[in-house]
Amino acid sequence: VAIEEGIQRHNWACSGDRRSPHNGPIMCTQFEGEDQCRIELPRPFVFKTGRKDCDGDSYNTEKKENAPDEHFNGTMTVRFMEDNFGFSGKETVTIMGAHTVGRFHQRQTGHKYVWATDYQAFNNQYYRNIAGKPDWFFDDAECTRVGDAWGNKGHAVWIAKMNQVYRTGGPIQWIQKKVVCPNCADQSYERGGRNPQRLAQDRDCCLNNVPEGAQCRPDGMGLPGSRAFDRD
């Protein structure tokens, strides 16, 4: 049911209805308005309730819970799913795609992150992020497509981040960033809550010596249309 609702919310966003008829959170999708955006299921889901390891009509099991470690890498995740559920690598990839929907809850996990910004829409964005696909960066209510200085989709880079939730400074997690301009169209440099020096840099990048046709002042030397990642 959640997957079907997520697909429907994704398809609404593809057509420009980013909040859905339910007036939910804004979902900014990478391919809004494009032919390949919509998802069409080849058949309905077969939905069943209950657990395989329950006896009779009971919803209880004596089987001990074996929870995975949130810091598993890919190899560890595949091994866990094989040992506990008999999943193949393909089946593991399939079920892990459910992370497209939902987000971390920092009070419970210490992690402050979303797997995909359109976290109530079901699509392949979770895996696009893992694969480091060039994508637009979204950070406003208008779903402004923020790219690099010459309008290319942002190149993905991964960095380790210390959340400093606990006295130890942890948890440590990987987060993805995009090599893009500030959101000059939405004047992101006027928003509060960020380092004043960083805001000043963004303001300068958006307002001073911006070449004709560029979204912001490019870093480094490069021809119009070149990508920031190639110049770095």
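The paragraphs below go through the predicted model, from the chain as a whole to its disulfides and then to two buried residues.

The protein chain has 232 residues. Its secondary structure amounts to seven helices and two strands. Read from the N terminus, the order of these elements is α-α-α-α-α-β-β-α-α, which places the two strands after five helices and ahead of the last two helices. The C-alpha trace spans about 70 × 45 × 30 Å along its principal axes.

Some totals describe the chain further. Of the residues of the protein chain, 31% count as buried. The accessible surface comes to about 15,700 Å², and carbon and sulfur atoms contribute 52% of that area. Among contacts with a separation of 6 or more, 49% are between residues 24 or more positions apart. The chain carries 30 positive and 31 negative charges, and the mean positions of the two sets are 3 Å apart.

The cysteines come next. A disulfide is a covalent bond between the sulfur atoms of two cysteines. Searching the whole structure gives four disulfides. With the bonded cysteines counted along the chain, the pairing is 1-3, 2-4, 5-8, 6-7. Three of these links are followed below, among them the bond between Cys14 and Cys37.

In that pair, the sulfur atoms of Cys14 and Cys37 are 1.9 Å apart. The angle about the S-S bond is -75°, and the link of Cys14 and Cys37 is left-handed. Cys14 belongs to helix H1, which covers residues 2–14, while Cys37 sits in the loop between H1 and helix H2 (74–85). The two are 23 residues apart, and the pair links distant parts of the chain. Cys14 has a relative accessible area of 7% and is therefore buried. Cys37 is also counted as buried, because its relative accessibility is 4%.

A second bond joins Cys28 to Cys143, with 2.1 Å between the sulfur atoms. The link of Cys28 and Cys143 is left-handed, at -80° about the S-S bond. Cys28 lies in the loop between H1 and H2, and Cys143 in the loop between helix H5 (125–130) and strand E1 (155–162). This pair, too, links distant parts of the chain, here 115 residues apart. Cys28 counts as buried because its relative accessibility is 9%. For Cys143 the relative accessible area is 7%, so Cys143 is buried.

A third bond is formed by Cys181 and Cys216, whose sulfur atoms are 2.0 Å apart. The torsion about the S-S bond of Cys181 and Cys216 is about -70°, which means the disulfide is left-handed. Cys181 is in the loop between strand E2 (172–179) and helix H6 (196–207), and Cys216 is in the loop between H6 and helix H7 (228–231), so the bond ties together parts that are 35 residues apart in sequence. Cys181 and Cys216 are both buried.

Why does the sulfur of Cys205 not bond to that of Cys216? The cysteine sulfur closest to Cys205 is the one in Cys216, at 3.8 Å, and this is too far for a bond. The cut-off for a disulfide is a pair of sulfur atoms within 2.5 Å. Cys205 is nevertheless counted as buried, because its relative accessibility is 12%.

Asp148 brings the reader back to the loop between H5 and E1, where Cys143 is also found. Is Asp148 buried or exposed? Asp148 counts as buried, because its relative accessibility is 3%. Its side chain reaches the backbone nitrogen of Asn152 at 2.9 Å. Leaving aside residues up to four places away in sequence, Asp148 touches Val179, Val180, Cys181, Gln215, Ser226, Arg227 and Ala228. Cys181 in this list is the cysteine bonded to Cys216.

Ser20 is the other residue to examine, and its place is in the loop between H1 and H2. That loop also holds Cys28. Ser20 has a relative accessible area of 7%, so Ser20 is buried. Apart from residues up to four places away in sequence, Ser20 touches Arg9 and Trp12.

Conventions
Residues are numbered from 1 along each chain as its sequence is written. This is a predicted model: local features need pLDDT of at least 70, side-chain atom pairs count only at pLDDT 80 or more; totals for chains, interfaces and linings use all residues. Side-chain values use heavy atoms; hydrogens and water are left out. Helices (H or I, at least four residues) and strands (E, at least two) are DSSP runs, numbered from the N terminus. Buried means under 20% relative accessible area, exposed over 50%, partly exposed in between (1.4 Å probe, protein chains only). Contact means heavy atoms within 4.5 Å. Accessible areas come from the Shrake-Rupley method with a 1.4 Å probe; for residues, only the protein chains shown count as cover. Lys and Arg count as positive and Asp and Glu as negative; His and the chain ends are not counted. The place of a charge is taken as NZ of Lys, CZ of Arg, CG of Asp or CD of Glu. A polar contact is a pair of N or O atoms within 3.5 Å; within protein, one must be able to donate a hydrogen and the other to accept it, and residues adjacent in sequence count only if both atoms are side-chain atoms.
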